[in-house]
Amino acid sequence: MRADRVAWGPRLRSIARAVPPAGAAVIILGGILSGITTPTEASALGAAYVAMLALVYRNLSWTSVKRVLTSTAETTGAVLFIVAAAALFGWVLAREQAPQVAAEFIIGLTDRPIVFLLLVNVLLLIVGAMLEPTAAILILVPVLAPVAELYGLSLVHFGVMLVFNLMIGLLTPPVGLVLFVMSSVTKAPVTEVIRGTAPFYLPMLATLLLIAVVPALSLWLPGLFGD
């Protein structure tokens with residue numbers, strides 16, 4: 001059955017009503033992709049913008065504010081509990097000098113830079129699945145960056161590879177902070193969230209491999225600015 005044709009008047013009014021809410025996406029994604037704001041700053045600006053819209057539309061009440069604050073506290077508490085556990089685990093690894101042992105083991109295996117990068121990627125995939133990214137960077141970078149320089153590798157290339165690798169770790173069990181955040185926000189079981197993200201692991205790993213073996217992918221943009 002063919003739908004009735006909608007006149008231009010109602011179409012334009014619908015578009016006009018949709019523009020203000022769509023501004024939140026412009027602020028968040030536009031701020032991040034343009035480099036004007038960090039993801040944290042963009043999220044804060046987006047939340048402030050949505051709160052202003054709620055006031056303008058008169059949809060904001062103390063009951064809804066209480067519900068939002070309670071939900072935020074639950075999500076933040078769950079995530080920070082995981083971060084605290086990961087940080088404690090990272091402290092134990094650092095105290096036992098596990099990164100130094102791993103670096104010495106890798107150096108003893110090969111003198112080829114490409115093999116070193118592949119081995120480091122395996123190490124980072126394992127560490128990223130168990131540690132929060134900030135803790136992983138603080139523990140591993142001081143150990144692995146000098147080794148990368150010994151192999152004649154660009155630290156820019158190495159840094160891009162490391163950050164992308166740890167980003168995959170955010171989606172990898174058992175820690176996988178993003179998995180738990182999505183589970184808390186969507187109210188879906190973590191196992192269901194993992195099944196939903198599983199198809200993306202293969203393209204992400206393929207991209208990581210390309211970044212590792214083709215330094216130009218990481219270096220061409222800095223090269224335009226003379227770095």
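**Close-up 1. What covers the buried residues of helix α8.** In this predicted model, the cover over the buried residues of α8 includes α3 (62-95), α6 and α9. The residues beneath that cover are Leu177, Leu179, Ser183 and Ser184, each of them buried in α8. They sit on the same side of α8, because the arc they span around the axis is only 160°. It helps to recall that an α-helix has 3.6 residues a turn, so residues three or four places apart point the same way.

**Close-up 2. The other side of α8, and what follows the helix.** Turn your attention to Val185 and Thr186: these two are exposed, on the other side of α8. Just after α8 comes Lys187. Its phi is positive, near 65°.

**Close-up 3. Helix α8 meets helix α9.** Here α8 (residues 177-186) and α9 (residues 190-197) cross at roughly 115°, and their axes come within 9 Å. The crossing in which α8 passes α9 is right-handed. Which residues meet? From α8 they are Leu179, Phe180, Met182 and Ser183, and from α9 they are Val190, Val193, Ile194 and Thr197. Sorted by class, this contact has 6 nonpolar residues and 2 polar ones, with no charged residues. Leu179 and Ser183 may look familiar, as both are among the buried residues of α8.

**Close-up 4. Thr197 in helix α9.** This view picks out one residue of α9, Thr197. Is Thr197 buried or exposed? Buried means under 20% relative accessible area, and Thr197 has 11%, so Thr197 is buried. Leaving aside residues up to four places away in sequence, Thr197 touches Leu179 and Met182. Both of these partners belong to the α8 part of the contact with α9.

**Close-up 5. Helices α6 and α7 side by side.** The last view shows α6 (residues 133-150) packing with α7 (residues 155-169) at an angle of about 150°, with the axes 11 Å apart. Angles over 145 degrees count as roughly antiparallel, and α6 and α7 are therefore roughly antiparallel to each other. As in the previous helix pair, the crossing is right-handed: α6 passes α7 that way, and α8 passes α9 that way too. On the α6 side, the contact is made by Pro133, Ala136, Ile137, Val141, Leu144, Ala145, Ala148 and Glu149. On the α7 side, Leu155, Phe158, Leu162 and Leu166 take part. By class, the contact of α6 with α7 counts 11 nonpolar residues, 1 charged residue and no polar ones. Helix α6 also appears in the opening view, as part of what covers the buried residues of α8.

Notes. Residues are numbered from 1 along each chain as its sequence is written. This is a predicted model: local features need pLDDT of at least 70, side-chain atom pairs count only at pLDDT 80 or more; totals for chains, interfaces and linings use all residues. Side-chain values use heavy atoms; hydrogens and water are left out. Axes are lines fitted to C-alpha atoms, for helices over the stretch in contact, and angles run from 0 to 180 degrees between N-to-C directions. Helices (H or I, at least four residues) and strands (E, at least two) are DSSP runs, numbered from the N terminus. Angles under 35 degrees count as roughly parallel, over 145 as roughly antiparallel, 65 to 115 as roughly perpendicular and the rest as oblique. A crossing is left-handed if the near helix is turned anticlockwise from the far one by less than a right angle, and right-handed if clockwise. Contact means heavy atoms within 4.5 Å. Ala, Val, Leu, Ile, Met, Phe, Trp, Tyr, Cys and Pro count as nonpolar, Asp, Glu, Lys and Arg as charged, and the others, Gly among them, as polar. Buried means under 20% relative accessible area, exposed over 50%, partly exposed in between (1.4 Å probe, protein chains only). The arc is that of the directions from the helix axis to the C-beta atoms.
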